[in-house]
Amino acid sequence: MAHKFSVTALDSASDRSIFDSGSEPLDRYFRTQVSQDIKRRVTACFVATAMHGQIAGYYTLASASVVLADLPEATVKKLPRYPSVPAVRMGRLAVDKSFKGQGLGAALLADALHRAATAEIAAYAFVVDAKDATAANFYAHHGFVALPQQPLFMFLPLAMVKSLIK
């Protein structure tokens, strides 16, 4: 990466007004709704800030669950027979257009995975809803597996992430 970034929780002093990922829904959410979701405790938002203070990217995390029967059969065989398993959901991931092509999306994903894998609250998987085939390819490149009946819903067991961290 050409730039140095720090990743921290979003705070009220952060200037979100000029963030432009090129995705209108992701930008609108970040500018107008994320702070309300944080206050309601339905999401946590983390931002990558460039040295000069500009927000270069962000992602959100929330608790979730995955219906056991939706997982691949080989995975289900290794899990207890509960109706669902706990998960951490990355709801959104966006990089400002002026920082694209520098590996920041992968770095933000790695930061999110590290946070989820080292949290004191247990979760079996890290899940994402890829917005399209390009996003699904990005996640697949990083080891995520699509659910058999939902190719854009992808998961990565957090035990795999923990083993990589050690």
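**Notebook: helices, strands, cores and salt bridges**

I began with helix H1 and looked up what its buried residues pack against, and I found that they meet E2, E3 and E4. Before going further I noted that the model is predicted, and I keep that in mind for each entry below.

**Entry on H1**

I listed the buried residues of H1, and they are Leu 26, Asp 27, Tyr 29, Phe 30, Val 34 and Asp 37. I then looked up the length of the helix: H1 has 16 residues and spans 23 Å from its first C-alpha to its last, which is close to the 22 Å expected at 1.5 Å a residue. I also looked for a bend, and found that H1 turns by about 60 degrees at Gln 33.

What comes after the helix? I found Arg 41 following H1, with a positive phi near 60 degrees. I noted that this positive value belongs to a residue other than glycine, and that Arg 41 sits in the loop between H1 and E2. Is Arg 41 buried or exposed? I count Arg 41 as exposed because its relative accessible area is 76%, and the cut-off for exposed is over 50%.

**Entry on the strands**

I followed E4 to its partners on both sides of the record of bridges. E3 and E4 pair in the antiparallel sense, and I found eleven bridges between them; in this pairing Val 66 stands opposite Val 85 of E4. E4 and E5 run parallel and are joined by four bridges, and there I noted that Met 90 has Val 128 in E5 as its bridge partner.

**Entry on the nonpolar cores**

I next asked which residues of the largest nonpolar core touch the most other members. Of its 30 residues, I found these to be Tyr 59, Leu 61, Met 90, Leu 104, Phe 126, Tyr 139 and Phe 144. I then looked up where the core draws its residues from, and the elements that give two or more include strand E3 (55–67), strand E4 (84–95), helix H3 (104–117) and strand E5 (125–129). H3 gives the most to this core, with seven residues. I also found a second, separate core of 13 residues, and among its members are Val 66, Val 76, Leu 79 and Phe 153. Val 66 had already appeared in my strand entry, opposite Val 85.

**Entry on the salt bridges**

How many salt bridges does a search of the whole structure find? I noted five, and I looked at some of them one by one. As background, I wrote down that side chains of opposite charge can pair when their charged atoms come close.

I started with Lys 97 and Asp 20, whose side chains meet in a salt bridge at 3.3 Å, N to O. This pair links distant parts of the chain, 77 residues apart, with Lys 97 in the loop between E4 and H3 and Asp 20 in the loop between strand E1 (5–9) and helix H1 (24–39). I count Lys 97 as partly exposed because its relative accessible area is 49%, and I count Asp 20 as partly exposed because its relative accessibility is 28%.

I then looked at Asp 111 and Arg 115, which form a salt bridge with their closest N and O atoms 2.8 Å apart. Both residues lie in helix H3, four residues apart, which is about one turn of the helix. Arg 115 is partly exposed, at 29% relative accessibility.

For Glu 73 and Lys 77, which also form a salt bridge, the closest N and O atoms are 3.8 Å apart. I found both Glu 73 and Lys 77 exposed.

**Entry on two single residues**

I looked up Thr 75 and placed it in helix H2 (residues 73–76). Is Thr 75 buried or exposed? I count Thr 75 as buried because its relative accessibility is 14%, and the cut-off for buried is under 20%. Leaving out residues up to four places away in sequence, I found Thr 75 touching Tyr 124 and Phe 155.

My last residue was Ala 146, which lies in strand E6 (residues 145–147). Ala 146 counts as partly exposed, at 29% relative accessibility. With residues up to four places away in sequence again left out, I found that Ala 146 touches Pro 151, Phe 153 and Met 154; of these, Phe 153 is a residue I had already noted in the second core.

How values were computed: Residues are numbered from 1 along each chain as its sequence is written. This is a predicted model: local features need pLDDT of at least 70, side-chain atom pairs count only at pLDDT 80 or more; totals for chains, interfaces and linings use all residues. Side-chain values use heavy atoms; hydrogens and water are left out. A nonpolar core is a set of buried Ala, Val, Leu, Ile, Met, Phe, Trp, Tyr and Cys residues joined through side-chain atoms within 4.5 Å. Buried means under 20% relative accessible area, exposed over 50%, partly exposed in between (1.4 Å probe, protein chains only). Contact means heavy atoms within 4.5 Å. A salt bridge is a side-chain nitrogen of Lys or Arg within 4 Å of a carboxyl oxygen of Asp or Glu. The expected span of a helix is 1.5 Å times one less than its number of residues. The bend at a residue is the angle between axes fitted to the seven residues ending there and the seven starting there. Two strands pair if DSSP finds at least two bridges between them.
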